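Got the viewer open? Here is a short walk through the model, stop by stop, with what to select and what you will find there.

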Amino acid sequence: MCDEAGLSQRRACRLAGLSLSTCRYSVQRPAADAQLSLRITELAPERRRFVYRRIWLLLRRKGLHVNHKRVYRIYHLNGLGVKRRRRRKGLATERLPILSLDAPNLTWSMDFVMNALASGRRIKCLICVNDLTKECLTITAAFGVIV
């Protein structure tokens with residue numbers, strides 16, 4: 001507003017409804033933050049999986065009694081966040097060819113199927129299917145554990 005309208009800082013703050021001190025405030029970091037920042041950046045590469053709270057505990061054990069919020073602020077200002085581990089995909093194993101089925105009743109597959117009745121009770125079914133003909137050999141249903 002000051003540059004575009006040519007207003008003074010005091011008048012622009014009054015029109016915007018801001019306090020003049022918020023407009024003129026400048027951050028003054030204490031010299032202790034520089035030493036603490038050096039200490040944190042030394043500890044972080046040594047303990048790569050440690051987040052700021054664990055580093056804060058290490059600092060406390062070494063005699064530096066610092067607020068954990070201050071350690072958090074410096075930790076993130078230095079860009080020291082712990083990288084998330086990537087999930088490993090399934091291990092590459094040798095795949096076996098699918099066997100061709102010659103006759104029925106050689107192999108079967110079993111599976112559990114669950115559903116709910118209109119009353120809200122859960123019903124569980126154990127289904128056994130012939131792999132070649134896809135014929136359902138048996139369905140065992142129960143409300144509790146299937147035995």
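In which loop does Asn105 lie? Select Asn105 and follow the chain both ways: you are in the loop between α6 and β1, the latter being residues 108-116. Before going further, keep in mind that this is a predicted model.

**Stop 1: the loop between α6 and β1**

Stay on Asn105 and check its backbone. Its phi is positive, at about 65 degrees, although Asn105 is not a glycine. Show the surface as well: with a relative accessibility of 45%, Asn105 counts as partly exposed.

Now pick Ile98, which sits in the loop between α6 and β1. Ile98 has a relative accessibility of 84%, so it counts as exposed. Draw a distance from the C-alpha of Ile98 to that of Arg87: the two are 11 residues apart along the chain, and 28 Å separates them.

**Stop 2: the hairpin**

Next, select residues 122-130 (β2) and 136-142 (β3). These two strands pair in the antiparallel sense, over six bridges. For one example of the pairing, click on Val129 in β2 and look across to β3, where its bridge partner is Cys136.

Together β2 and β3 make a hairpin that has five residues between the strands. Zoom in on Lys134, in the loop between β2 and β3. Its phi is positive too, at about 60 degrees, and Lys134 is not a glycine either. Is Lys134 buried or exposed? It counts as exposed, because its relative accessibility is 62%.

**Stop 3: the cysteines**

Color the cysteine sulfurs. How many disulfides does the structure hold? Zero.

Start with Cys23. Its closest cysteine sulfur is the one in Cys13, 4.0 Å away, which is too far for a bond; the cut-off for a disulfide is 2.5 Å. Cys23 is partly exposed, at 39% relative accessibility.

Then go to Cys125. Here the closest cysteine sulfur belongs to Cys136, the partner of Val129 from the last stop, and the 9.7 Å between the sulfurs is too far for a bond. Cys125 is buried, with a relative accessible area of 17%.

**Stop 4: helix α4 and its two sides**

Select residues 31-46, which are α4. This helix has 16 residues and reaches 24 Å from first C-alpha to last, close to the 22 Å expected at 1.5 Å a residue.

Show side chains for Asp33, Leu36, Ser37, Ile40, Leu43 and Ala44, which are buried. They lie on the same side of α4 because they cover an arc of only 135 degrees around the axis. Turn to the other side of α4 and you meet exposed residues: Ala31, Gln35, Leu38, Pro45 and Glu46. What covers the buried residues of α4? The cover includes α5 and α6.

**Stop 5: the largest nonpolar core**

Finish by selecting Leu36, Ile40, Leu43, Ile55, Leu59, Val71 and Tyr75. These have the most contacts inside the largest nonpolar core, which has 14 residues. Three helices, α4, α5 (52-61) and α6 (68-77), each supply at least two residues of this core. The biggest giver is α5, with five residues.

For a last click, center on Ile55 and show its neighbors. Leaving aside residues up to four places away in sequence, Ile55 touches Ile40, Leu43, Ala44, Phe50 and Tyr75.

Technical notes
Residues are numbered from 1 along each chain as its sequence is written. This is a predicted model: local features need pLDDT of at least 70, side-chain atom pairs count only at pLDDT 80 or more; totals for chains, interfaces and linings use all residues. Side-chain values use heavy atoms; hydrogens and water are left out. Buried means under 20% relative accessible area, exposed over 50%, partly exposed in between (1.4 Å probe, protein chains only). A nonpolar core is a set of buried Ala, Val, Leu, Ile, Met, Phe, Trp, Tyr and Cys residues joined through side-chain atoms within 4.5 Å. Helices (H or I, at least four residues) and strands (E, at least two) are DSSP runs, numbered from the N terminus. Contact means heavy atoms within 4.5 Å. The expected span of a helix is 1.5 Å times one less than its number of residues. The arc is that of the directions from the helix axis to the C-beta atoms. Two strands pair if DSSP finds at least two bridges between them.
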